[in-house]
Amino acid sequence: IPPSSSAPTTSSLFDLPVLPLVPGTEPSKCVLDSFRTAIAKRVSDAIPELSLEQAYSGVDYGKKGVDFTVALPRFRLKEKVDVLAKKVIDGFTPDSYISSITHDKNFLHFTLTTPSLNSAILNQVHSLSLTDSYGTNSSGAGKKIVIEYSSPNIAKSFHVGHLRSTIIGAFLANLYKASGWEVVSMNYLGDWGTQFGMIATGFEKYGSQTALEADPIHHLFEVYVQVNKDAETDPSVKSTAASWFKRMEDGDPSALTQWRQWRALSINKYEEEYERLNVKFDVYNGESEVGKEGMEWAVEKLEELGLVSDVDGAKLVDLEKWKLGKAVLRKKDGTSIYLTRDIGGAIERYNKYKFDKMIYVVSSQQDLHLSQFFKILSLLSLPWASTLEHVNYGMVLGMSTRKGTVVFLDQIIKEAGNVMLEQMMKNEEKYKAVEDPEGVSREIGITGIKIQDMAAKRINNYNFNWDRMKSFEGDTGPYLQYAHVRLSSISRKNPSLLPLPPPSLISTSLLTEPQAREIVFLLGTYPDVVKTALKTHEPSGVVTFAFKLAHAISSAWDVVLVKGEEDEEKAKARLWMYLCARDVLGAAMRLLSIRPLERM
Ligand code: ARG
């Protein structure tokens with residue numbers, strides 16, 4: 001029976017029967033949505049008290065060996081579970097969505113029909129991968145998000161905390177793009193504050209234009225360290241520095257010339273390093289760019305609210321009522337501070353971007369700062385204040401190079417490459433076969449760092465471990481790259497099967513091994529993995545998915561053969577499945593900001 005013309009339906013992709021469209025689902029991007037809808041329809045047809053949507057919300061992934069499960073008690077219906085289960089099972093006949101239903105205590109377990117599952121998933125993966133859009137969804141269509149991440153301080157060290165912000169932030173930017181949002185990725189540099197007065201003071205004594213141009217980040221840091229040492233014994237250093245910064249705040253052009261150059265050179269250098277990390281920003285701005293207007297407005301408004309007190313000429317905001325302590329808004333000499341700049345900066349960003357949401361990826365060490373800052377915006381009755389979110393993360397312990405503590409991003413990148421290169425050299429034969437050993441080892445090294453960083457929940461501290469990072473065994477970055485390379489080599493190794501026929505002529509029904517089904521089903525779950533990550537802001541779910549897929553593939557290699565399979569039709573179907581698996585593994589890696597390698 002054709003559905004009534006008014007009811008929206010899913011298109012009859014892949015020759016599956018047409019189903020009603022459940023709101024919030026997107027079968028054209030996630031074909032498992034159709035299979036879930038088919039299950040929900042069975043349930044709601046058999047139990048008329050349940051709407052299709054209600055039934056749909058009860059369809060969950062099953063435990064091992066089961067595709068989907070419905071826990072009947074969750075519907076809170078009057079009838080007993082056994083009666084409900086019997087209603088669903090009685091009169092069941094398999095169709096192209098569902099091949100069997102079993103009843104076990106409170107649960108109904110559903111097994112999907114393998115041939116149509118294979119065909120539907122592989123076709124979808126194949127066609128959407130052509131535009132790199134498998135795994136995407138449209139939930140953010142028409143919405144704009146600003147994501148601020150990395151945000152190092154010029155002239156101070158780029159510590160591992162900034163690296164974590166960079167890695168997690170890049171992932172979030174990719175994730176929101178994949179979910180249809182318009183994303184503005186922003187690097188909010190710590191390019192303002194008394195430390196620049198310190199550097200200006202130190203630069204007169206220790207600075208060198210040549211050294212600055214050669215390596216601005218290291219040189220400015222050196223100067224900063226030196227001048228801080230002087231300040232320990234000579235109190236005049238701090239006051240000279242303070243008056244320098246005051247002149248900068250007052251916009252004195254002569255005090256700003258040098259600073260401008262330091263900033264520009266540092267950004268150039270950082271851009272190079274971000275490029276190595278496969279990270280990009282739409283906007284570089286910084287604390288220096290926050291205008292006085294917004295800050296002054298905010299301070300005045302807080303005064304009107306009776307929340308500000310004067311202490312020796314400095315202004316303090318009292319947030320004790322909300323258990324957020326007291327915080328300085330303005331120093332004695334009238335210069336602004338970090339918190340005030342964040343307040344003014346957020347106001348400016350809203351006026352400029354009119355975002356629907358803004359995320360700050362900042363270490364959990366700044367939880368209090370972010371809470372104070374968000375609280376103040378809501379006290380200012382800014383309606384968009386509630387759309388701000390702090391995505392925090394724990395500390396990285398023990399990341400140092402073999403020479404000592406790391407303070408610079410380029411050292412981390414270099415060390416990762418070296419560690420990997422040494423590892424690869426251990427296998428001389430393989431090493432010789434690599435075309436660009438340095439490039440490859442750097443890429444694998446960076447993958448190792450990223451995977452170690454994103455493998456667990458963000459909030460956990462973790463111990464960085466070079467040995468683990470470089471290992472090709474276990475759930476490591478190198479292992480993941482290796483899995484991708486192996487999948488990529490399969491076409492090169494089977495030229496006689498290429499080019500593959502068009503998808504409609506590939507016999508996916510020949511994929512009968514349980515190992516193949518496991519891979520195909522996993523591929524089908526990827527769009528859900530992306531959606532879950534969007535809810536939790538956790539990269540770890542995507543990392544887990546990538547490893548599950550890599551493991552499933554490695555268990556299939558020796559059973560589901562391509563080379564050596566005599567039935568050519570079968571070999572082609574298998575090759576196609578592996579190529580689809582490569583596309584999805586690659587998509588998951590790219591989402592994690594990793595560049596998947598084709599050869600190593
Ligand atoms: N530059 C700061 C730091 O290194 C991080 C900035 C975080 N972002 C912000 N809007 N406060 O500590």
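How many Å separate the centres of domain 1 and domain 2, taken over C-alpha atoms? The answer is 51 Å, with domain bounds that come from an automatic or database domain assignment. Keep in mind that this is a predicted model, where local features need pLDDT of at least 70, side-chain atom pairs count only at pLDDT 80 or more, and totals for chains, interfaces and linings use all residues. Numbering starts from 1 along each chain as its sequence is written.

**Overall layout**
- The assignment splits the protein into domain 1 (13-112), domain 2 (144-291 + 341-394) and domain 3 (409-591).
- Along the principal axes, the C-alpha atoms fill a box of roughly 90 × 65 × 40 Å.
- There are 21 helices and 16 strands, taken as DSSP runs (H or I, at least four residues, for helices; E, at least two, for strands) and numbered from the N terminus.

**Burial and helix α16**
- Of the 600 residues, 41% count as buried, meaning 20 or more other C-beta atoms, placed from the backbone, lie within 10 Å of the residue's own.
- Helix α16 (residues 437-454) reaches 25 Å from its first C-alpha to its last, close to the 26 Å expected for its 18 residues (1.5 Å times one less than the number of residues).
- Since 14 of those 18 residues are buried, α16 is largely enclosed by the rest of the structure.

**Around the ligand**
- The surrounding residues are E148, S151, P152, N153, Y188, G190, D342, Y360 and V362, each with its C-beta atom, placed from the backbone, within 6 Å of the ligand.
- Sorted by class, that shell has 4 nonpolar, 3 polar and 2 charged residues, with Gly among the polar ones.

Definitions and conventions. A residue is buried if 20 or more other C-beta atoms lie within 10 Å of its own, exposed if 12 or fewer, and partly exposed in between; C-beta atoms are placed from the backbone.
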